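I opened a new notebook page for this structure. The entries below keep to what I looked up, one topic at a time.

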Amino acid sequence: MRKDLTEFYRIKARLVAMIMFPVILMLLFGYMFPSGGGVDHIPIVIVQQDQTPAGISLSNSFIYAAQSSKAFDVSTTTSLDWAVNEITLGRAYGVVIFHQGIAQQLSSGSVQLEVILDQVNPTLDQSVKGGVMQIFSSLQPQLSASFGGIPANRGPTINLQFEGIVPGQQSSFEFLAPGMIAMSLIIGGLSGLAMTFSREKELGTLDGLLMTPISRISIIFGKSFAQVVRGLISSVLVFAISITLFGVHVYGSPVLMVLVLLLGVMAFTGLGILATTFANDQESAQLIMMMIQFPMIFLSGSLYPIIQLPWFLQAVAYFLPLTYVVSAFRSVMILNAPFSAISFQVYILVVITIVVYAIAIPLFRRSVMR
Amino acid sequence: MSTSIETNGLTKSFGELFAVNKVSISVKRGTIFGLLGPNGAGKSTLLRMLCTLLKPNAGTASVEGHDIETETNEVRQVLGVVQEKLLLYPVLTARENLELFGNLYGVEKSVLRERIDTLLEEIKLTSVRDKLVATYSTGMRQRVNIVRALIHDPRVILLDEPTNGLDPQSVRWVRDYVKGLKDRGYTVVLTTHDMKEADELAEDLAIMDRGEVLAVGKSADLKKRFGVSDIEQLFLELTGRELRDSLSGKVKMRGW
């Protein structure tokens, strides 16, 4: 036992990873699941189609109540298309539509309002749904008062109709599937590459490759490409299982989905190369990988919405390539987002890949050629 | 006889430690050159510089006329290297390993196929060519490891302690094979701790210690010059009899 612990202490990469891993994990979970309060400041869009005084008054009351409660950050528009597009772009999680004819509906005693939910994350959907219902319920006395002080239970009622942005009923797994697919990419790309390099270093076979006339870049890209294939195979498997066993539907373009996945694997393999320069053996590589992978999985929005995280973890999330892979992949797969809707994520992934490779390749060269 | 390998003041240091210090040697083409020295003498570092795995800090070296720093690809193409560790993938078969390295060296497909057959025949492993290397004995693996270094038909072979850990039969086979390589015109640089092996195989010898070459020349000439009867005596005379317990000055921990 003493020997094993001494060994652990003397191999610094393992020691640092061993200390950092539980620290990161605990901080992560501690802040991800705060003891009090739910998600607030959820961005939503109000569509004010009814421009009559009654319509404006009702929607303004809602906006005022929503902002006062801090549950929502509200933006307004008259265009439903614009509002829906905000959801597709991942900039809003719900749309409340005040259709034309509010005044007539108020007089008839029943107002019909439509709420479109993002559907990308069930937890967030529930928060939006609950928040909207609560606000309208709090507006009920005010509505009754505006109708001559009649009791609240006899004033006009507001009926909310909730719909998903994609027609039809989705299974909860549908929302998790894109994240799961992206995660299998990490395992394939990131850890696969770091493990293969560290294994070759440990066995000595890397020297055999380095002594051949092929360039270092070719070795890196050859190995990266193998991991790309590996990552894509596991993604396809997750994909197939999601579709056949759990009824997940694909609404978007397969070409765009493959593009996002490819960019993701490229970014992760770059990170894998970077990590491998710090680890000479497989165990160290594995620990370093876990230290990178776990926070990435939990912070990227694969399993929980990023908006649920405290601000500083949200800031960290926006530096992680997986965040952009998950967001883009989910938008394409579930919301049928076109390229223009995910172009920001795509460009960010391209930039991350270039930056990571620009750092990783010289470091790798240095690590194998001292 | 022309020169195959030439080093001039070749130096490699790791921090304060000079692993190879101003080494100047010349290896004649088509000969076996023995490189002897105690552990940590700098033999392997010298070989790693020659095969372009390490950059020298000072000095120059060439292999078959190609500079090891400016013509790395040419050097790699004319060199075949057998390191102390096996440069084979255990989950590939012998044929697959040879194919992989042949492709990496850019050997033409038809030539490669023929060469693999010939080499496997030479090492008497044709019948198990499609078995995983992981299932081979140590001796069988070393035979494949040696011919792996020949797959691109290099002109110079660097062998770093090729008989380490082998049984007497395999040791005999390796020695005979190395002699055969010389007869076929290859230049061989051999490092070994076996003095008899060095005396039997090498025409020229260099004895290194603490990064420097202490003596170089033909075995018989060296024995005569230092008044000793065998190479082991000469080795101990030059490198001393005390145990080498000194620290290398730099501890390289795996994993950091």
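The entries start with chain B as a whole, then turn to the contact between the chains, to chain A, and back to details of chain B.

**Entry 1. Status of the model**

I noted before anything else that this is a predicted model.

**Entry 2. Chain B as a whole**

I looked up the secondary structure of chain B and found 9 helices and 11 strands. The radius of gyration of chain B is 18 Å, close to the 18 Å that the globule rule gives for 256 residues, so chain B is as compact as a globular protein of that length. I then took the extent of its C-alpha trace, which is about 50 × 45 × 40 Å along the principal axes. Of the 256 residues, 41% count as buried. I also checked the contacts in chain B with a separation of 6 or more: residues 24 or more positions apart account for 68% of them.

**Entry 3. Where chain A touches chain B**

How many residues does the contact take from chain A and from chain B? I found 21 residues from chain A and 21 residues from chain B. On the chain A side, helix H2 (12-32) and helix H8 (205-210) each supply at least two residues. H8(A) gives the most to that side, with 5 residues. By residue type, I recorded the chain A side as 9 nonpolar, 6 polar and 6 charged.

**Entry 4. The sheet of chain A**

I traced an open sheet of 5 strands in chain A, in the order S2-S1-S3-S4-S5, with mixed pairing. Strand S2 (72-77) and strand S5 (157-164) of chain A stand at the edges with a single partner strand each, so one side of each has no neighbour in the sheet. From one strand to the next, the twist averages 25 degrees.

I looked at one pair of strands in this chain in more detail. Strand S1 (residues 42-48) and strand S3 (residues 94-98) of chain A run parallel and are joined by 5 bridges. Opposite Gln48(A) I found Phe98(A) in S3(A). Helix H3 (residues 53-68) of chain A lies across S1, S2 and S3 of chain A, and runs at about 170 degrees to S1(A).

**Entry 5. Helix H14 of chain A**

Where does helix H14 (residues 339-368) of chain A bend? I located the bend at Gln345(A), and its angle is about 30 degrees. Gln345(A) is also one of the buried residues of H14(A). Others in that list include Ala341(A), Ile348(A), Ile352(A), Val356(A), Ala360(A) and Phe364(A). The buried residues of H14(A) pack against four helices of chain A, H4 (80-88), H9 (216-246), H10 (254-276) and H13 (321-335).

**Entry 6. Strand S9 of chain B**

Back in chain B, I checked how far strand S9 (residues 187-191) is covered, and found 5 of its 5 residues buried. Both faces are covered: Thr187(B), Val189(B) and Thr191(B) lie on one side, and Val188(B) and Leu190(B) on the other.

I next looked up the pairing of S9(B). Strand S4 (residues 32-36) of chain B pairs with S9(B) in the parallel sense over 4 bridges. There, Ile32(B) has Val188(B) as its bridge partner. S8(B) also pairs with S9(B) in the parallel sense, over 5 bridges. In that pairing, Leu158(B) has Val189(B) as its bridge partner.

**Entry 7. Leu181 of chain B**

I picked Leu181(B), which sits in helix H6 of chain B. Is Leu181(B) buried or exposed? Leu181(B) has 20 other C-beta atoms within 10 Å, and the cut-off for buried is 20 or more, so Leu181(B) counts as buried. Leaving out residues up to four places away in sequence, Leu181(B) touches Ile157(B), Tyr186(B) and Val188(B). Ile157(B) is 24 residues away along the chain, and the C-alpha atoms of the two are separated by 8.7 Å.

**Entry 8. Two positive phi values in chain B**

I looked up phi for two residues that are not glycine. Asp153(B) has a positive phi, near 50 degrees. Asp153(B) is in the loop between helix H5 (138-148) and strand S8 (156-160) of chain B, and is partly exposed, with 14 other C-beta atoms within 10 Å.

For Glu161(B), phi is positive at about 45 degrees. Glu161(B) is in the loop between S8 and helix H6 (168-183) of chain B. With 17 C-beta neighbours inside 10 Å, I entered Glu161(B) as partly exposed.

Key: Residues numbered from 1 in each chain as written. Chains lettered and ligands numbered in written order. Predicted model: local features only at pLDDT ≥ 70, side-chain atom pairs only at ≥ 80, totals over all residues. Rg over C-alpha atoms; globule rule 2.2 N^0.38 Å. Buried ≥ 20, exposed ≤ 12 C-beta atoms within 10 Å, placed from the backbone. Contact = placed C-beta atoms within 7 Å. Nonpolar A, V, L, I, M, F, W, Y, C, P; charged D, E, K, R; others polar. Bend = angle between axes of the 7 residues up to and from the residue. Pairing = 2+ DSSP bridges. Axes fitted to C-alpha atoms, helices over the stretch in contact; angles between N-to-C directions.
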